[in-house]
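Please open the model in a viewer and keep the sequence panel visible. The tour below proposes a series of selections and states what each one contains.

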Amino acid sequence: MGSAPSPPRGSRVAARDHCLSPVRSVDRPTGAARYGRMFRDLAPLGTDPKLLIRAGGDGGICAAAEALDQLNAGGDDAAEAAGWPFFGQLIAHDITADRSPITGGVAVEALRNARAPMLNLEIIYSDGPIGSPYLFDLADPAKFLLGPDGGDVPRNQQGVALIGDPRNDSHVFVLSLHVALLHAHNHLVDLLRAGGMPESNVFDAARTALTWHYQWTVVHDYLPRLVGAPLVRQVLAEGGRWFAPRPGEAYIPLEFADAAFRYGHGQIRHTYRLVDGGAAVPVFPDLVGFGPLPTDRRVDLTQLFDVPGRPPAQRAKRLDGRLPASLIGLPEQVTGTVDAAAYRSLAVRDLLRGEATGLPSGEAVAQLMEVTPLSPDELAQTWPHGTPLWFYILKEAEHRGGGDRLGPVGGRIVAEVLIGLLRADPGSYLHREPDWVPELPAAGAVFGLADLLTAGDSHDRPSGAA
Ligand code: HEM
């Protein structure tokens, strides 16, 4: 019997019902989580959407040239490795999913977050073995089910990923990190069993161990690189000045979801190498997901993260207010059907979201935080009443963070929110055992994200992937 023809890549989800489609009419958020604000007293900026569309569209100030990577090889390299923003994207998916249409029409107070505002790896565990049984291995229910050769996630017969958040299937990099976390969980199950843990406790213990390693990595590896270690230490010691929810009362601030934490869009390169010596391939359309991950599209994680004993990985793009061509012209698989071509641009979407949710200007937030606002020269663009917060934070990273890390406004928002969410989560390591340290082994002097992502390597993983 011949095998069934494989469906065309990325076209399984009816475009209008795609999770990111601006006109999606099904699966609107029903969860209880609400968004909130950090700077309640600051007035909305109010910028003409036409200006935002011009700035964020093709040829606008937020668009980096398509040929940038080739023309200027290494010239826009940041200090940090290329994988860090993709880890940021995983974090974003773990804590915020505003599924309201980009075309507007939903009152800000009515917006719902389809994710719990906690760093709890809901992206992989979803509702757990009881609520989401299709994620787990029937032959060994404490473990995640993987794709047939262990290099992909499981998929239904139409190629749709069986995972906790469909956005983690949007391109090969975020999917590869997702797969690495599934392996890390399964590896922890093996370790706990080998240590004699009673079977009835194994799943919960592995889940807590993975989640705490992830949370610790966010605080001790990811955040110091992104905002600087002194600010992380300060927020840990003194708490948040603008975001300090009580336990169980956390929410995602719109200043974070619709501006500061979208910084990562400015760190994505247009092209990447997947394996050592491989060709540089554009993220979109070449590496779009939403279908089985072919073996020639598997990512060697040492190309994304520096791993002791291996050559340095590729670098992330420098932060400079511009997005690569892949993100200025997102493919339809990512955006769903759009009525206006401008909605293909992620920069347009970022700017319009900030406008729709009434965010203040970057200058207003800088003033409130008592930091010197960027000068018109640094901003390189004059806006009628002030600079949209998202764009301001990218330019601040360019001029106050050397293009490698966030400046005082962006850094403070991100550090206060991520640490504040952990403190307010009664199950987090920071709430329950703030002095806890990772138990998994480290390849270098201190444990880091690369150790977490490679923890499950020995584990039914295809050779070649780190
Ligand atoms: C190739 C990489 C990426 C793609 C294709 C992508 C795409 C998108 C899209 C289509 C949206 C929805 C836009 C809207 O309608 O408002 C979005 C939202 C968002 N992105 Fe990304 N993104 C990428 C990387 C990142 C990175 C690296 C970060 C952070 C480090 C990030 C953080 C966010 C956040 C915080 C949101 C708002 C989510 C919400 O509240 O629902 N993204 N992204």
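Begin with the whole chain: of its 466 residues, 52% count as buried, a residue being buried if 20 or more other C-beta atoms, placed from the backbone, lie within 10 Å of its own, exposed if 12 or fewer, and partly exposed in between. This is a predicted model, in which local features need pLDDT of at least 70 and side-chain atom pairs count only at pLDDT 80 or more, while totals for chains, interfaces and linings use all residues. Residues are numbered from 1 along each chain as its sequence is written.

Next, colour by pLDDT, the predictor's confidence in each residue, from 0 to 100. The protein averages 90, and 89% of the residues score at least 70. Select residues 1-19: here the pLDDT is below 50, and the stretch has 31 contacts in the model beyond near neighbours in sequence. Residues 462-466 also have a pLDDT below 50, with 16 such contacts. Two residues are in contact if their C-beta atoms, placed from the backbone, lie within 7 Å.

Switch to a cartoon view, which should present 18 helices and nine strands. These are DSSP runs numbered from the N terminus, helices being H or I of at least four residues and strands E of at least two.

Now select β1, β3 and β6. They form an open sheet of three strands in the order β3-β1-β6, with mixed pairing; two strands pair if DSSP finds at least two bridges between them. β3 (112-113) and β6 (252-253) stand at the edges with a single partner strand each, so one side of each has no neighbour in the sheet. Strand β1 (residues 33-36) runs parallel to β6 and is joined to it by two bridges. Within this pair, Gly 36 stands opposite Pro 253 of β6.

Move to the ligand and display its shell of 22 residues, of which the closest are Pro 85, Gly 88, Gln 89, Thr 96 and Gly 264; a residue belongs here if its C-beta atom, placed from the backbone, lies within 6 Å of the molecule. Two or more shell residues come from each of α3 (83-95) and α12 (346-356), and α3 provides the largest share, four residues.

Finally, centre on Val 275, in the loop between β7 (271-273) and β8 (280-282). Is this residue buried, exposed or partly exposed? Val 275 is partly exposed, because 15 other C-beta atoms lie within 10 Å. Leaving aside residues up to four places away in sequence, Val 275 touches Asp 300 and Gln 303. Val 299 is 24 residues from Val 275 in sequence, with a C-alpha to C-alpha separation of 6.3 Å.
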